[in-house]
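Please have the sequence and the 3D view open side by side. Read each point, then find the residues for yourself.

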Amino acid sequence: MSELSIALLGNFDVHRDGRRLDFESDNGRALLAYLAINSRQAQRRSFLAALFWPDHTEEAARNNLRQVLFKLRQALGEGRKAPFLLVSAQNIQFNPQADTPLDVDNLRARLSEANPAALELYTAPLLSQ
C-alpha cells in the first residue's frame, strides 16, 4: 500500500508517496478529514449526505456525495479496490488498517499520555485555513 499522510491542524495538507495531493473541492477535503478523524467507525452514506448538504433534498445530497467521493478517490489515486477508503452501498470508512499518519491522532495520543510535548503538535486550529 502506498504511503499517505494527512495534516489537518492548521493547513489541510495531504501527501501520497511524498507528493502533495490537490483536491478540487472544499467538500472533498472536508469529507476526507471527517472520515480520517472518525476512521474507527464506518459512516452511513445517508448521514454524510445530510451532514455535508443539509439544505438539499436527500436525493440531491446523496448524488453530491457520490460525485465528491468519486473525485476524492481519484485524488487519492485509488482504483476499484480502495486501500484508503472502504466503500459499500451503505457505508464509507477511512481504512483504519491503512497506517496513515494523521496529526490529529498524534496529538490525541500525546494528550492521552499526558505528555507535555503534545502542545508542540498544536500549530493552529483544526482546518483553520
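The numbered points below go from the whole chain to single pairs of rings.

1. Start with the status of the model. It is predicted. The mean pLDDT over the chain is 87, and 89% of the residues reach at least 70.

2. Confidence varies between elements. Strand β4, residues 43–44, has the highest mean pLDDT, at 98. Helix α5, residues 118–121, has the lowest, at 68. Where pLDDT is low, predicted coordinates should not be read in detail. Keep that in mind when you look at α5, with its mean of 68.

3. Next, the parts list. The chain has five helices and six strands. Walk from the N terminus and you meet them in the order β-β-β-α-β-α-α-β-β-α-α. The chain is 129 residues long, and 38% of them count as buried.

4. Now the sheet at the start of that list. Three strands form an open sheet in the order β1-β2-β3, and the pairing is antiparallel. Which strands are at the edges? They are β1 and β3, since each of these pairs on one side only. In general, strands of a sheet pair through backbone hydrogen bonds.

5. Look closer at β1 and β2. They run antiparallel and are joined by four bridges. One to find by eye: Ser-5 has His-15 of β2 as its bridge partner. The two strands make a hairpin, with five residues between them. In the turn, Gly-10 has a positive phi of about 90°.

6. Follow the side chains along β1. They alternate. Leu-4 and Ile-6 point to one face and are buried. Ser-5 and Ala-7 point to the other face and are not buried. So Ser-5, the partner of His-15, is on the face of β1 that is not buried.

7. Move on to two helices. Which way do α1 and α2 lie to each other? Their axes come within 12 Å and cross at roughly 130°. That angle falls between the perpendicular range, 65 to 115, and the antiparallel one, over 145. The two helices are therefore oblique to each other. The crossing of α1 past α2 is right-handed. For orientation, α2 covers residues 45–52.

8. Turn to the aromatic rings. There are four aromatic pairs. One of them joins Phe-12 and Phe-23. Their ring centres are 5.4 Å apart, with 80° between the planes. Planes over 60 degrees apart count as edge-to-face, so this pair is edge-to-face.

9. Where do Phe-12 and Phe-23 sit in the chain? Phe-12 is in the loop between β1 and β2. Phe-23 is in the loop between β3 and α1. The pair therefore ties together parts that are eleven residues apart in sequence. Buried means under 20% relative accessible area. Phe-12, at 10%, therefore counts as buried, and so does Phe-23, at 11%.

10. Another pair is Phe-52 with Trp-53. The centres lie 5.9 Å apart and the planes are 50° apart, which makes the pair tilted. Phe-52 counts as buried, at 17% relative accessibility. Trp-53 is buried too, at 7%. Both belong to one aromatic cluster with Tyr-34 and Phe-47.

Conventions:
Residues numbered from 1 in each chain as written. Heavy atoms only, no water. Phe/Tyr/Trp six-rings, centres within 6.5 Å; stacked < 30°, edge-to-face > 60°. Buried < 20%, exposed > 50% of the residue type's maximum accessible area, 1.4 Å probe, protein only. pLDDT = per-residue confidence, 0-100. Pairing = 2+ DSSP bridges. Axes fitted to C-alpha atoms, helices over the stretch in contact; angles between N-to-C directions. Parallel < 35°, antiparallel > 145°, perpendicular 65-115°, else oblique. Left-handed = near helix turned anticlockwise from the far one by under 90°.
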